[in-house]
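I am opening a fresh page for a structure that is new to me. My plan is to begin at the ligand, then to go through the sheets, the helices and a few single residues.

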Amino acid sequence: MRVVVFSDKPYWHRFLTEANEAFGHDLTFIEPNLNSQTVALADGYPAVCVFVHDQVDAAVLGSLRKGGTNLVALRCAGFNNVDLEAAAEVGIKVVRVPAYSPHAVAEHAVSLILTLNRKIHRAYARVREGNMALEGLLGVELHSKTVGILGTGRIGAIVGQIMHGFGCRVLAYDPYPNDEVRRFAEYVSLDRLSAESDVITLHCPLTPDTYHLVDAQWLKQVKPGCMIINTSRGALIDTRAAIHALKTERLGSLGLDVYEEEADLFFEDLSERVIQDDVFARLLTFPNVIITAHQGFFTREAISQIAATTLANIRDFETGGPLANEVSSGRKVKHK
Ligand code: NAD
């Protein structure tokens, strides 16, 4: 099938090309993100392949349809950047990669916890400058501390398991509890999780219900000095409220792999430019904040799986097979 791959990077090119040996799709790689300015580049392609920062809103979907596109293949799990109702309305199918090595993101979340706690980011820079002093690097033992997992799906469950292995008490909150997780975690109310956890790690999807879940009000309930980790989606956290909580020292530390305005920043080398986002720039000034630029998924295993599943989704669409990884709004729309 002819597919245009938006938001290309060398690693996507490499892994998709390798995986495509088994599928034989006709792939065209282009660097721009998909949005209303770039959508014309998809004209004549029956399928577009997109990632987390591509804007697949109603206007873009309408233009895609006019240009002959019938399929949007997300090479990621989250689909908050796609207007599913609009896709159903214009008759474009949407597929995604629901599961790809959840260990990649889970291990990254744990890396952020360990780095922040033992201040590895500061120790690394100090020692390279010949500063071997220990003041300011004091951590705590995670053993017997309480870790709250918000969202115990594929990724959250693994983070809980790993932290249980460290000897932590694991609390969990999820509207759909998982019996496997009960073996090492106690499901509690959101209020109890926020009040009792030394570390809170977010693994729920971004939906209208979870938008700014971590806001000023919620941050007032957390245990003073609590660490918050977000490897899920940036807009789960009201960043301005988090900055206020860091300044008042209510929040002890913050580890982010995602940021609510990341689309203008992440995946690009901006080291020669002045960062225009003042909220992001403020975050970078805190010694107790670490930010990685959405690299949780970035392991060889995960990218290989993403590439293979994306191309298999496209093949299933092309051959008219069942679309196991379709995402839809649930609305039935009649098409002419
Ligand atoms: P999943 O669907 O397996 O699990 C999500 C869980 O969140 C489910 O158990 C669901 O019941 C729960 N949930 C839904 N609403 C909730 C709420 N209001 N409060 C608490 N829990 C709630 O998803 P997953 O594969 O574990 O991925 C989790 C998130 O991680 C995804 O939504 C995605 O945005 C993000 N992600 C990030 C990266 C990265 O590179 N940083 C990579 C993959 C996924």
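**The ligand shell.** I looked up the surroundings of the ligand and found 28 residues around it, among which Gly 151, Gly 153, Ile 155, Cys 204 and Gly 296 come nearest; a residue is near a molecule or strand if its C-beta atom, placed from the backbone, lies within 6 Å of it. Before going on I note that this is a predicted model, in which local features need pLDDT of at least 70 and side-chain atom pairs count only at pLDDT 80 or more, while totals for chains, interfaces and linings use all residues. I also note that residues are numbered from 1 along each chain as its sequence is written.

I sorted the shell by class and got twelve nonpolar, eleven polar and five charged residues, where Ala, Val, Leu, Ile, Met, Phe, Trp, Tyr, Cys and Pro count as nonpolar, Asp, Glu, Lys and Arg as charged, and the others, Gly among them, as polar. Helix 4 (102-118) and helix 6 (154-165) each supply at least two residues of this shell, and the largest share, three residues, comes from helix 6. Helices (H or I, at least four residues) and strands (E, at least two) are DSSP runs, numbered from the N terminus.

**An open sheet.** I then traced an open sheet of five strands, whose order is 2-1-3-4-5 and whose pairing is parallel; two strands pair if DSSP finds at least two bridges between them. Strand 2 (26-29) and strand 5 (93-95) are the edge strands, each pairing on one side only, and from one strand to the next the twist averages 20 degrees. Angles run from 0 to 180 degrees between N-to-C directions, and axes are lines fitted to C-alpha atoms, for helices over the stretch in contact.

Within this sheet I checked strand 3 (residues 47-50) and strand 4 (residues 71-74), which pair in the parallel sense over four bridges, with Val 50 opposite Leu 74 in strand 4. Helix 11 (residues 300-318) lies across strand 1 (2-5), strand 3, strand 4 and strand 5, and runs at about 160 degrees to strand 4.

**Strands 6, 7, 9 and 10.** How many residues of strand 6 (residues 146-150) are buried? I counted four of the five, so strand 6 is largely enclosed by the rest of the structure; a residue is buried if 20 or more other C-beta atoms lie within 10 Å of its own, exposed if 12 or fewer, and partly exposed in between, with C-beta atoms placed from the backbone. Strand 6 runs parallel to strand 7 (residues 169-173) and is joined to it by five bridges, and the bridge partner of Val 147 in strand 7 is Val 170.

Strand 6 also pairs with strand 9 in the parallel sense, over four bridges, and there Leu 150 has Leu 202 as its bridge partner. From strand 9 (residues 199-202), Val 199 and Thr 201 point one way and Ile 200 and Leu 202 the other, and all are buried. Strand 9 pairs in the parallel sense with strand 10 (residues 226-230) over four bridges, where Leu 202 meets Asn 230 as its bridge partner.

**Helix 9 and Leu 219.** In helix 9 (residues 239-247) I found the buried residues to be Thr 239, Ala 242, Ala 245 and Leu 246. Seen down the axis of helix 9, they fall within an arc of 115 degrees, so they line one face of the helix; the arc is that of the directions from the helix axis to the C-beta atoms. Their cover includes helix 8 (216-221), strand 11 (251-256), helix 10 (278-284) and strand 12 (289-291); two residues are in contact if their C-beta atoms, placed from the backbone, lie within 7 Å.

Leu 219 is in helix 8 and is buried, with 21 other C-beta atoms within 10 Å. Leaving aside residues up to four places away in sequence, Leu 219 touches Val 214, Ala 241, Ala 242, Ala 245, Arg 250 and Leu 251. The C-alpha atoms of Leu 219 and Ala 245 are separated by 6.9 Å, although these residues are 26 residues apart along the chain.

**Positive phi.** Last, I looked up backbone angles. Ser 7, in the loop between strand 1 and helix 1 (10-20), has a positive phi of about 55 degrees although it is not a glycine. His 294, in the loop between strand 12 and helix 11, has a positive phi near 55 degrees, and it counts as buried with 24 C-beta neighbours inside 10 Å.
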